[in-house]
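Welcome, and thanks for looking at this structure together. The questions below ask how each label is earned, and the answers set a value beside its definition.

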Amino acid sequence: MSKRTVLTGITTTGTPHLGNYVGAIKPAIQASHGDTVQSFYFLADYHALIKCRDPEVVQQSTLEIAATWLALGLDTGKAIFYRQSDIPEISELTWLLTCITAKGLMNRAHAYKAAVQDNIASGEDEDFAIAMGLFSYPILMAADILMFNANNVPVGRDQVQHLEMSRDIAQRFNHHFGEHFVLPEAVVDDNVALLPGQDGRKMSKSYNNTIPLWLPEKALRKSIMKIVTNSLVPGEPKQTEGSALFAIYSAFASSEQRDAMKQAFADGIGWGDAKQQCFEMINSELAPARALYDDLIADPAKIETCLQQGAERAREVAVPFMQRLRAAVGIRPLA
Ligand code: TRP
């Protein structure tokens, strides 16, 4: 029996933060150790080009994100870990899919619509500064997924529409050219709480409230000390509900530790003490991986080798499948 295929991509813009770690990276790495699925994890560097025109940032972010996954113990013997741009068949498939995707479907994509709305709101032409990459983004994402016939695609809520589009595109291709693609399903884990940032809103680069994952110890402590609390003094009972500090603590705590902290809040723990405990817990979880991360960042060739090995394994699937798809649409040898 063939295993279920789980696939997800990480856009290589920016530096990973605690929200990425808790919400996506940690669960994916845990899942990679299981034997019941074949997982594909990749660095979506073509997607990065949609948002970012700084070559140094794209490269640095690719390095940091690859090092992050490896340092945190991704099992690259089991999971296939690769860089999107190392699989040229993905671009090729993108074109085949582009040719059958309805423009009207792309018109409905949230990210594109939001960009149009922003333009209208600011009195610009609708199309102002909108590149075709943004418009066609869901087709590239569909190619990522359909290339490996993924059954399950773990994503954030904001990506669910893209999965629906992938299914739609797959169905259309299958309808015209035969049953080649599995219809993928989004997996949105409601249990992984959206981690709040220092100001209590969702931790996100766009709110400038993130705690980077690989801060050195002192800087991590400082960053945790900046989590917004209120003016209650030690001895006064404190609410866990709505507390960003409690939510961040909980994301790293066992259920016993969480209960104990809840009790400490009720008993009036001082904010400084609670933050110190939060720092110690997070630091003890990250410190061993941090050392590995620092070693990897200092040795990019090692990461490159690992990605090349991943690409080779991914292409064992992609090359013959692409061959079959080319033939299906009529791109075949003449004799
Ligand atoms: N678009 C996704 C994001 O921004 C990243 C991504 C690219 C992806 N290709 C994918 C996720 C394929 C899942 C499957 O989060």
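**Around the ligand**

Strand S1 (4-11), strand S2 (37-44) and H7 each supply at least two residues of the shell around the ligand. This is a predicted model, in which local features need pLDDT of at least 70 and side-chain atom pairs count only at pLDDT 80 or more, while totals for chains, interfaces and linings use all residues. Residues are numbered from 1 along each chain as its sequence is written, and side-chain values use heavy atoms, with hydrogens and water left out.

Q: What makes a stretch of chain a helix or a strand here?
A: Both are DSSP runs, numbered from the N terminus: helices are H or I with at least four residues, and strands are E with at least two.

Q: Which residues come nearest to the ligand?
A: Thr11, His47, Tyr137, Asp144 and Gln159 come nearest, out of 14 residues around the ligand. A residue is near a molecule if one of its heavy atoms lies within 4 Å of it.

Q: What makes the approach of Tyr137 to the ligand a polar contact?
A: A polar contact is a pair of N or O atoms within 3.5 Å; within protein, one must be able to donate a hydrogen and the other to accept it, and residues adjacent in sequence count only if both atoms are side-chain atoms. An N or O atom in the side chain of Tyr137 is 2.5 Å from a nitrogen atom of the ligand, so the pair qualifies. For Asp144, a polar side-chain atom lies 2.8 Å from a ligand nitrogen. For Gln159, the distance from a polar side-chain atom to a ligand nitrogen is 3.1 Å. The protein buries 89% of the 370 Å² that the ligand exposes when taken alone; such areas come from the Shrake-Rupley method with a 1.4 Å probe, and for residues only the protein chains shown count as cover.

**Helix H6**

Q: How do you know that the length of helix H6 agrees with what is expected?
A: The expected span is 1.5 Å times one less than the number of residues. For the twelve residues of H6 (residues 110-121) that gives 16 Å, and the end C-alpha atoms are 16 Å apart, so the two agree.

Q: Which residues of H6 are buried, and what puts them on the same side?
A: The buried ones are Tyr112, Ala115, Val116 and Asn119. They cover an arc of only 100° around the axis, so they sit on the same side of H6; the arc is that of the directions from the helix axis to the C-beta atoms. An α-helix has 3.6 residues a turn, so residues three or four places apart point the same way. On the other side of H6, His110, Gln117, Asp118 and Ala121 are exposed. The buried residues of H6 pack against helix H5 (103-107) and helix H7 (132-146).

**Buried, exposed or in between**

Q: Why is Thr12 called buried?
A: Buried means under 20% relative accessible area, exposed over 50%, and partly exposed in between (1.4 Å probe, protein chains only). Thr12 has 0% relative accessibility, so it counts as buried. Thr12 lies in the loop between S1 and helix H1 (18-32). Leaving aside neighbours within four places in sequence, its contacts (heavy atoms within 4.5 Å) include Leu43, Val58 and Ile65.

Q: Why is Lys238 called buried?
A: Its relative accessible area is 6%, so Lys238 is buried. Lys238 is in the loop between helix H9 (217-225) and helix H10 (244-252), and its side chain reaches the backbone oxygen of Val233 at 3.0 Å.

Q: Why does Thr101 count as buried?
A: Its relative accessibility is 13%, so Thr101 counts as buried. The side chain of Thr101 reaches the backbone oxygen of Leu97 at 2.7 Å.

Q: Why is Ala186 called partly exposed?
A: Its relative accessibility is 31%, so Ala186 counts as partly exposed. Ala186 is in strand S5 (residues 185-187).

Q: Why is Ala129 called exposed?
A: At 70% relative accessibility, this residue counts as exposed, so the label fits Ala129. Ala129 lies in the loop between H6 and H7.

**Positive phi**

Q: What makes the phi of Ala129 worth a remark?
A: Ala129 is not a glycine, yet its phi is positive, about 60°. Most residues other than glycine have a negative phi. Asn149, also not a glycine, has a positive phi of about 45°.
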